[in-house]
Amino acid sequence: MHTAMRLNEVITKKSKEAKLVLLNMPGPPKNRTNKTNPMDNAVYKDYPFFTDIQVMIFIGFGSLLAFFRLYGFGGMVFNFLTATFAIQWAILVQGYFQFSHDGKIHLGVINLINAEFACAVVLISFGAVLGKTSPLQLLVMALLEVPVFAVTEWVVLKYLKINDAGGSILIHLFACYFGLGVTFVLYRPCLNEGHAKENTSYQSDILALMGTLFLWVFWPSFNSALTLKGDDQHRAILHTFIGLSASTLTAFALSAMLNKNGKLSMADIQNVTLAGGVTVGASVDMMITPAAAYALGMMGCTACMLGYKYLSPFLARRLRIQDQCGIHNLHGLTGLISCAAGICAILIASEEVYGPSFYEIFAHRAPVEGDPKLQELQMLIPGLQPGLGRTAQEQALFQVAAVVSTIGVSAFGGLLTGCVLKMPCLSPPSDDLCFDDELFFEVPPDYDSPLRLKNIVTMNDSTD
Amino acid sequence: MHTAMRLNEVITKKSKEAKLVLLNMPGPPKNRTNKTNPMDNAVYKDYPFFTDIQVMIFIGFGSLLAFFRLYGFGGMVFNFLTATFAIQWAILVQGYFQFSHDGKIHLGVINLINAEFACAVVLISFGAVLGKTSPLQLLVMALLEVPVFAVTEWVVLKYLKINDAGGSILIHLFACYFGLGVTFVLYRPCLNEGHAKENTSYQSDILALMGTLFLWVFWPSFNSALTLKGDDQHRAILHTFIGLSASTLTAFALSAMLNKNGKLSMADIQNVTLAGGVTVGASVDMMITPAAAYALGMMGCTACMLGYKYLSPFLARRLRIQDQCGIHNLHGLTGLISCAAGICAILIASEEVYGPSFYEIFAHRAPVEGDPKLQELQMLIPGLQPGLGRTAQEQALFQVAAVVSTIGVSAFGGLLTGCVLKMPCLSPPSDDLCFDDELFFEVPPDYDSPLRLKNIVTMNDSTD
Amino acid sequence: MHTAMRLNEVITKKSKEAKLVLLNMPGPPKNRTNKTNPMDNAVYKDYPFFTDIQVMIFIGFGSLLAFFRLYGFGGMVFNFLTATFAIQWAILVQGYFQFSHDGKIHLGVINLINAEFACAVVLISFGAVLGKTSPLQLLVMALLEVPVFAVTEWVVLKYLKINDAGGSILIHLFACYFGLGVTFVLYRPCLNEGHAKENTSYQSDILALMGTLFLWVFWPSFNSALTLKGDDQHRAILHTFIGLSASTLTAFALSAMLNKNGKLSMADIQNVTLAGGVTVGASVDMMITPAAAYALGMMGCTACMLGYKYLSPFLARRLRIQDQCGIHNLHGLTGLISCAAGICAILIASEEVYGPSFYEIFAHRAPVEGDPKLQELQMLIPGLQPGLGRTAQEQALFQVAAVVSTIGVSAFGGLLTGCVLKMPCLSPPSDDLCFDDELFFEVPPDYDSPLRLKNIVTMNDSTD
């Protein structure tokens, strides 16, 4: 309810210029004549990517998080609730920091895309605590995570000025370490012993796989939504597709190799196949060659798979980090690889390879205002904007700084948030009601019948 | 079969000009030179919206209507059948009334979108009688509803000339009161006592939720598909998103508040979360401010929720109106709020706020041909079309007239259609075979096993 | 793994010109100035169609192939694996034959679309052997089928130069007869007796129907993705929609007529409703009139339905062709009808009806270079390219040649591939483990409980 009031307070519109408040138009309305082609409105560039990301957030994530046998409602519904709240909250917070002029927040589809990215951050973190948090806890987590993320994003983009088209640093690393911070505080020792309800059913596995497929199919839109239009966006789409393809094949091969009897595990296919999408993120719009994108997909996938196999159990038992969906494997390890790859791509990038688009992709490497080199370049590339005159090494260091500070801020924010979530008034579920829809939902009569039936089957089988 | 023949009769193409029959091209082919950019074809403006609406109609509606435990086939399949038939029939009927020139129906993707809107009307009405009608009855209902709708639409658009971008009046109110009329005639007293098969299962609830999510995700496309291109469409997308977000959060809050033990009900989440999309409909392209869109979403959601809780049982018991999916809550009450909001938005709209686009959105308020004020305005806004010179109050009255006449015509049409559907030759299912796939489908061996198993489980449980 | 290396070898990028390797740009980069509108990049024309086709391949096909009760994982997961592999492999093979210049394969979203078409070929063939092949066999099948297809495609497009916008000849006929060839060699006599696991469950039927709906909804994008932009693409979309609508209604009518008690069969609705999309394929971009598209949809649907009813059992029993999903009905018979219709459309096409676009759609009928008629035409139609001067009859003969050679090559290729797949090292499943996820997957505890429970239910019922 208070969100509506905030919206009301923040977004007011009184005068003719205020039209901008609700619309991201190319120019001010007074310059607009009837000759302006309505199809030039920014909505037509952004909306197709927006709907793709909507499907990923609400249907892809929702189905993937519904993989527990008795927590299908919880996975899909809490994803729906958390996502809706996080997007609204992010519109306000990001708007306040990044998209306000004259005290007004400007709103267009592009801002919805930005808000959905903030929402993706919250949903990834949600993955670490899936099944052991109440909806109230999730809302509080979103309430706290979105501002921490928005401030980090704003600082990194405004002061560190990094290259991170696919959001490997800002989205995936942030979300991962924030989520790990939260789950560290919410540690439940008894879950390490295994939980009777912490498993899948045939239908829930299929549903989660469908979620994976929706994420897989639209991931290129996610990674390319905020790149420069034209060649850069084209490249981002292709690299993401290549990275995903590589990680999918690798995931199948590794799953068959690492599981006993060479059988495939649905958990691997649901999660590890997506690793490539994260791994290409930081360099997705650069000219890294298809081969590099492919190699990145394979590396990310291998790291992710080994993480699920060896690192996650270790973290849970030794470091008290119970990472329910393994976000550290799918977003943390792969994010780190992606950042490293991004830095390499920056170090080897040269004007010769990129041509005039060099100073568009690496805008901060253009010479500063007043530099005679800038004028020279502007003769060749009309419209070139002055930059910061950074060298490749400097840019690389800023990337490193962004990684380190993002991880630091997010882990610290996650720990604090975890402490807030421990408040009993947020009614966390008791240990034996984790992964259980019955606590929060009116369930239909056939709820949990499969398992109880299974017991009877076993009984009947044994009496036969 | 006869549809094909009608298509054949109506849509004939003999000469060079006839190319227009199948294509909605910007100009006649003779003016077309090779310099025409093929990307200017209207298909590129409309097709993305068309595919989004297709997903809503066939997958969104289909899954949402499959929420009954034993009527999953019926929900999805009859939705598929009815939708396909209604679209084809609407192409012909709407074509005859609105899109024919020189005795030929012109066909383009834009006409398919219009036909899908007519189809949505039929599917909403279907919601009122879900589970208690045979496919033959549904086809007859579509056969009768589409022409009544098309004529109403044509009269309202041609003579009353109203603002209703999201179709709150023409689509939602019409569909609702038509459906209520039909279900009133098809009243089955014994259903008021509760029906053994009128409930959900764990999987059917998840499937229906997925349908909801598809509708939620693409609703902005639905509400904006027929607005003016450019800013107006951008605004319609944003307002719909805001309205849906508001109603989703409100629905969660109210569901927890109104159900016992604070548990969430899946039926609420599947239906009430969508109320905001309807409520913003009539004013979706106007400059109503995000705050107003948010407030509309909350109001619509509250009305819808209370309707499910208190009004639907009352209607069923006292007024003999058995509204199976509660369309009166989701489309009727919200539609009325939307119309009221649209009228308010019209009354307070001023040239100062809207700028030159005022006479585009409110085309009927532009001065009439010959009025000296028109010439003045045309100096400022080149290309301005003459209108009807309506004042805000006049336009508001026309809106009211449209609402009243739409409700009257649709309810009357629904009652008559209901009488036709009562004919025994349409083989309506008997009372105890309602909500039952076995009547119309060859069902697989595990059909209905959950419930029968449940009984055994209970037996076993009690003997333990 | 080797694919990555091949990619690396084949796609190398060293110099400024090499930017083309990864991007399908309108002109070479040196001609590119900052005045180029980035929105002119080909990606914006192709990407919406690409995502639609992605949904069809991964979610539509995947869900549709998951219709077996105990082979849901197998259907969706092996579809995922095979599709990913086939696309990558097709990028390389098609790239080598069609899209390489100066020894480099050029890659853009348009090439991904082409590769997804090759992938669709493999997935259709997969339908013939669903449930009785190991993932290794499927990969080998893709490994062999893609090059045979790519060479056939290249020869047909380069030398025979046919009209086949929707791929009825190249995609559907090729895929069908290749698949039949494979399944002929992999004949398993005992499957003709019926297999205990070769049936559906309530949930698997709903899942498969959802796959059908995704295919249905996006089929217009599939059929129009590679047509000429503008009117042609618009027409292809409309014709596909009309064809699908016709076949859907026909399928419902025939299913009720041909099944006992007038009940609908889910298998019919899942498959036969799609027949119209294939049938309009070969003439989808021509001016065949909506009535002809409608008639084609009905004819294709009828052939397909009768095929399922009478031809498939005959093929299995007499010709040793066990066609698991009935691809011969959905892609073979309909493909043949489509080719015939395409030839008719070519024979009756005239300059008068098509206007200047005649020589765009039928590019090979334009006069040859140097022909004085060409100059005359170029006065009327600036920019007209010289063609081959074919008459309608000649073009029709080339179409026939393409059909015959495609069927011949694909059937032969399928037979050879089948022989390779018989190698024991590819670990085909034993007869009683066909249609069984347990062989290749770690299955959850409730796997197959429905059937075993059913037995208990029956037992309990009979003891009651």
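**Two faces of chain C in a predicted trimer model**

Biologist: How accessible is C:Ser430, in percent of relative accessible area?
Modeller: C:Ser430 is partly exposed in this predicted model. Partly exposed covers the range between 20% and 50%, so C:Ser430 falls inside that range with a relative accessible area of 37%.

Biologist: With which residue does the side chain of C:Ser430 make a polar contact?
Modeller: C:Ser430 lies in the loop between α17 (392-421) and α18 of chain C. From there, its side chain makes a polar contact of 3.1 Å, and the partner is the side chain of C:Asp432.

Biologist: How far apart in space are C:Ser430 and C:Arg188, C-alpha to C-alpha?
Modeller: In sequence, 242 residues separate C:Ser430 from C:Arg188. In space, their C-alpha atoms are separated by 9.8 Å.

Biologist: Is A:Pro445 buried, partly exposed or exposed?
Modeller: The residue sits in the loop between α17 (392-421) and α18 (449-463) of chain A. Its relative accessibility is 43%. Exposed would need over 50% and buried under 20%, so A:Pro445 counts as partly exposed.

Biologist: What is the distance in space between A:Pro445 and A:Leu130, C-alpha to C-alpha?
Modeller: The two residues are 315 places apart along the sequence. The distance between their C-alpha atoms is 24 Å.

Biologist: What share of the residues in chain A is buried?
Modeller: Chain A has 18 helices and 2 strands. Among its contacts with a separation of 6 or more, 79% join residues 24 or more positions apart. Of its 464 residues, the buried share is 65%.

Biologist: How much area do chain C and chain A bury between them?
Modeller: The contact involves 65 residues of chain C and 63 residues of chain A. Carbon and sulfur atoms provide 73% of the buried area. The total is about 6000 Å².

Biologist: How many residue pairs are in polar contact between chain C and chain A?
Modeller: Salt bridges between chain C and chain A number 0. For residue pairs in polar contact, both at pLDDT 80 or more, the count is 16.

Biologist: Which helix gives the most residues to the side of chain C that touches chain A?
Modeller: Several helices of chain C each supply at least two residues to this side, among them α1 (2-10), α3 (43-64), α5 (109-128) and α8 (202-224). The greatest contribution is 12 residues, and it comes from α4(C).

Biologist: How many nonpolar residues does that side of chain C have, where it touches chain A?
Modeller: Sorted by class, the side of chain C that touches chain A has 11 charged and 13 polar residues. The nonpolar residues there number 41.

Biologist: Which residues of chain A does C:Thr51 touch?
Modeller: C:Thr51 is part of helix α3 of chain C. Buried means under 20% relative accessible area, so C:Thr51 qualifies at 6%. Leaving out residues up to four places away in sequence, C:Thr51 touches A:Asp52, A:Val217, A:Phe218 and A:Ser221.

Biologist: What kind of axis relates chain C and chain A?
Modeller: Chain C superposes on chain A with an RMSD of 0.0 Å by a rotation of 120 degrees, with 0.0 Å of shift along the axis. The two copies are therefore related as by a three-fold rotation axis.

Biologist: Do chain C and chain A meet through different surfaces or through shared ones, and what percentage of interface residues decides it?
Modeller: The test is how many interface residues of chain C are also interface residues in chain A. The copies meet through different surfaces, because that overlap is only 5%.

Biologist: Which three residues supply the most of the area that chain C buries against chain B?
Modeller: Here 64 residues of chain C are in contact with 65 residues of chain B. The buried area is about 6000 Å², with 73% from carbon and sulfur atoms. Three residues supply 12% of what chain C buries, more than any other three: C:Tyr202, C:His234 and C:Phe241.

Biologist: Which helix gives the most to the side of chain C that touches chain B?
Modeller: The interface of chain C and chain B has 0 salt bridges and 16 residue pairs in polar contact, both at pLDDT 80 or more. Helices supplying at least two residues each from chain C include α10 (266-271), α12 (289-318) and α14 (351-354). The most, 14 residues, comes from α9(C).

Note on methods: Residues are numbered from 1 along each chain as its sequence is written. Chains are lettered from A and ligands numbered from 1 in the order in which they are written. This is a predicted model: local features need pLDDT of at least 70, side-chain atom pairs count only at pLDDT 80 or more; totals for chains, interfaces and linings use all residues. Side-chain values use heavy atoms; hydrogens and water are left out. Contact means heavy atoms within 4.5 Å. Buried area is the accessible area (1.4 Å probe) that two parts lose on being put together, summed over both. A salt bridge is a side-chain nitrogen of Lys or Arg within 4 Å of a carboxyl oxygen of Asp or Glu. A polar contact is a pair of N or O atoms within 3.5 Å; within protein, one must be able to donate a hydrogen and the other to accept it, and residues adjacent in sequence count only if both atoms are side-chain atoms. Helices (H or I, at least four residues) and strands (E, at least two) are DSSP runs, numbered from the N terminus. Ala, Val, Leu, Ile, Met, Phe, Trp, Tyr, Cys and Pro count as nonpolar, Asp, Glu, Lys and Arg as charged, and the others, Gly among them, as polar. Copies are superposed by least squares on the C-alpha atoms of residues with pLDDT of at least 70 in both. Buried means under 20% relative accessible area, exposed over 50%, partly exposed in between (1.4 Å probe, protein chains only).
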